[in-house]
Structures are given as structure tokens and as C-alpha cells.
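Subject: Structure for you to look at

Hi,

Here is the structure I promised to pass on. Please open it alongside this email, and then read on for what I found.

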Amino acid sequence: MSQPRPYVLLSAAVSMDGFLDDTGPTPLVLSSPADFDEIDQIRAGVDAILVGAGTVRADNPRLLVRSESRRRERERRGLPASPAKVTLSTTGELDPDAAFFTAGDVERLVYVPDAAVAATKARVGAVATVIGAGEPLALASVLADLHARGCGRLLVEGGGLVHTLFLTEDAVDEVRLAVAPFFVGDAAAPRWVSPAAFPDRRLRLAEARALGDIAVLRYLAR
Ligand SMILES: NC(=O)c1ccc[n+]([C@@H]2O[C@H](COP(=O)([O-])OP(=O)(O)OC[C@H]3O[C@@H](n4cnc5c(N)ncnc54)[C@H](OP(=O)(O)O)[C@@H]3O)[C@@H](O)[C@H]2O)c1
């Protein structure tokens, strides 16, 4: 990617067999309270948090900084209390009542293919900025637009399709994996990434650390 783009930090919690969730009706809890707190700290240090529309629908995440002191610290630095929220969708089939749109007083950006802009605006245009990013959607356009809007650091929190997209487009600078000490063992559950053509090189292991019973692995792409 030659256009300027934000520093991209990809974060996921996985089971020992590499799943992001099980197939149950509620999201599988893979992280511990200490791990959630570290993620909260990471959230507080970025300009925007991105998840796929699949995660918006499946998990209904709020994507806000939880800690009051971290929110205040951001405001002291002249930033909004929580980072902007960003999602990608091919269809624009998003519920305006989802927590992505209703929680927190922050900017919300929805990137869709150009052909889906009108329909997406009709659905969520009152609660978010809808942006066409090519036909089909080009991740490079999304990242260039985010950069132009002042996003210097982007946290990508899932799910599997979006992680696969960022990795195969070689648009990741850092990966934080939290590995929970149990197995999901269900082939129908979502995997961290799908089979795809990933960049043919090794990442650099920058950190491997125990956080209670969670293994925190941090890799740098370059
Ligand atoms: N453990 C963790 O850390 C973690 C974190 C997040 C999520 N999860 C889990 O991950 C699962 C959801 O993952 P997922 O893979 O199904 O969904 P996802 O990656 O969150 O979102 C996939 C959706 O993103 C949109 N999208 C993907 N690529 C696109 C492209 N090139 N252009 C435009 N839009 C694109 C599409 O939206 P449309 O369908 O609207 O077209 C697609 O269906 C849930 O089970 C959730 O619990 C786990």
C-alpha cells in the first residue's frame, strides 16, 4: 500500500485451537478481566476502533473506553472520550439501534461499496457517516480515508473475515493475540482467520507474556 494509512493494530482473543467464538447464542468469553483491562488501555491509545459488520450483528459491541480515568485522560489531551468507531459492510445491513451506533458520543463511520451507499444511508445515515470505498470496497481506500480524517492509529478488533482481509492485504503493523487456555473444538465456530493467501513472510515475535492464565503474544509485521 503506497497511500498514507494509519498504524494498524490487530487484536483478537482466541481459544487454543484458534477459534474466536463458539456457535452458542451469546459471545464466548475468551478474555479475563485483566486482559479486558489491557484492551481498554489499548483502546484509549488509538484514534479509531474497527470491527466488521458481522461482529456488530453477532456481538453488539459498544466499542468504548470503559475506564473513567482513561476517558478523562483522553479528554485532557483534547480527544473525544473514546475513539471513533468504524465498520465495513458489503450490504449495509446494519441496525441503527445497535450499540455501535447508540453507545457513546463518538464519531461513527460505515464504509461500504459505492453501490451500497444509498441503501446504507437510508438505514443508518442518521446515526453514522456512510462512505463509499470503491466497487468492490477497497481496503486501501478505507485506510486512506481514515488517515485523511486524522486517524493515526487504528485498532482492528475482528471478526475473522475482517482480520483475514487486513492480513491478506498486508495492512497490519502489529498483532496482539490473547490465547485462552481451552479448546472450542467445533468446526462450525468462527476461526481467527480463514484459509487465504497471507503475505509469505514471518512476523516478528515482540512479546510473549502470561497474563493470569492467558498468553499474550505480540507480533510486529516489519
Ligand atoms: N474473540 C475475539 O477477539 C472476537 C472479536 C470480534 C469478533 N469475534 C467473533 O467473530 C464472529 C464474527 O466474525 P465474522 O468473521 O463473522 O464477521 P466480521 O469479520 O466481524 O464481519 C464480516 C463482515 O464484514 C463485512 N466485510 C468483510 N469484508 C468486507 C469487504 N471486503 N468489503 C466490505 N465489507 C466487508 C461484511 O459485512 P456484510 O455482511 O454486512 O456485508 C462481512 O459479512 C462473531 O462470532 C464474534 O463473536 C471474536
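Below are my notes on the sheet, two of its strands, the helices that lie across it and the ligand site.

One thing to keep in mind throughout is that this is a predicted model.

**The sheet**

Nine strands make up an open sheet with mixed pairing, and their order is β5-β4-β3-β2-β6-β1-β7-β9-β8. The edges are taken by β5 (129-132) and β8 (204-211); each has a single partner strand, so one side of each has no neighbour in the sheet. On average, and ignoring direction, neighbouring strands are turned by 20° against each other.

**Strand β2**

If you want a place to start, try β2, which covers residues 48-52. Five of its five residues are buried, so the strand is largely enclosed by the rest of the structure. In general, side chains in a regular strand alternate between the two faces of the sheet. Here Ala48, Leu50 and Gly52 lie on one side of β2, with Ile49 and Val51 on the other, and both faces are covered.

Which strands does β2 pair with in the parallel sense? One is β3 (residues 84-88), joined to β2 by five bridges. Within that pairing, Leu50 has Val86 as its bridge partner. The other is β6 (residues 153-156), which pairs with β2 over three bridges. There, Ile49 is matched with Leu155.

**Strand β7**

β7 is also mostly covered, with six of its six residues buried. Glu174, Arg176 and Ala178 point one way from the strand, while Val175, Leu177 and Val179 point the other way; all of them are buried. I would take a moment over Glu174 and Arg176, since both are in that buried set.

Pairing in general runs through backbone hydrogen bonds and can be parallel or antiparallel. β7 shows both senses: it is parallel to β1 over six bridges and antiparallel to β9 (residues 214-220), again over six bridges. On the β1 side, Ala12 stands opposite Leu177. On the β9 side, Val175 has Tyr219 as its bridge partner, and Val179 has Ala215.

**Helices**

Helix α1 (residues 33-44) lies across β1, β2, β6, β7, β8 and β9, and runs at about 165° to β7. Helix α7 lies across β1, β2, β3, β6 and β7, with an angle of about 140° to β1.

What is buried in α7, and what covers it? The buried residues of this helix (residues 160-168) are Gly160, Val162, His163, Thr164, Phe166 and Leu167. Their cover includes β1 (7-14), β2, β3, α6 (139-148), β6 and β7 (174-179). Just after α7, have a look at the backbone of Asp170, which takes a positive phi of about 55°.

Another residue I would click on is Thr120, in helix α5 (residues 117-124). Is Thr120 buried or exposed? Its relative accessibility is 0%, so Thr120 counts as buried. Leaving aside residues up to four places away in sequence, Thr120 touches Thr91, Gly92, Val110, Val112, Gly125 and Val130.

**The ligand site**

How many residues surround the ligand? There are 25, and the closest are Asp21, Thr55, Arg57, Ser89 and Thr90. Among the polar contacts, an oxygen atom of the ligand is 2.6 Å from an N or O atom in the side chain of Arg57. A ligand nitrogen atom is 3.1 Å from a polar backbone atom of Leu20. Val162 also takes part through its backbone, where a polar atom is 3.0 Å from an oxygen atom of the ligand.

Taken alone, the ligand exposes 930 Å², and the protein buries 81% of that. Three elements give two or more residues to the shell around the ligand, namely β1, α2 (53-59) and α7. Of the shell, the largest share comes from α2, with six residues.

So you will meet α7 twice as you look around: it lies across the sheet strands listed above, and it gives residues to the ligand shell. Val162 is a good residue to centre on, as it is one of the buried residues of α7 and has a polar backbone atom 3.0 Å from a ligand oxygen.

Enjoy the tour, and do write back with your thoughts.

Best wishes

Conventions
Residues numbered from 1 in each chain as written. Predicted model: local features only at pLDDT ≥ 70, side-chain atom pairs only at ≥ 80, totals over all residues. Heavy atoms only, no water. Buried < 20%, exposed > 50% of the residue type's maximum accessible area, 1.4 Å probe, protein only. Helix = DSSP H or I, 4+ residues; strand = E, 2+ residues; numbered from the N terminus. Pairing = 2+ DSSP bridges. Contact = heavy atoms within 4.5 Å. Axes fitted to C-alpha atoms, helices over the stretch in contact; angles between N-to-C directions. Near = heavy atom within 4 Å. Polar contact = N/O pair within 3.5 Å; in protein donor to acceptor, adjacent residues only side chain to side chain. Areas by Shrake-Rupley, 256 points an atom, 1.4 Å probe, with all protein chains shown as cover.
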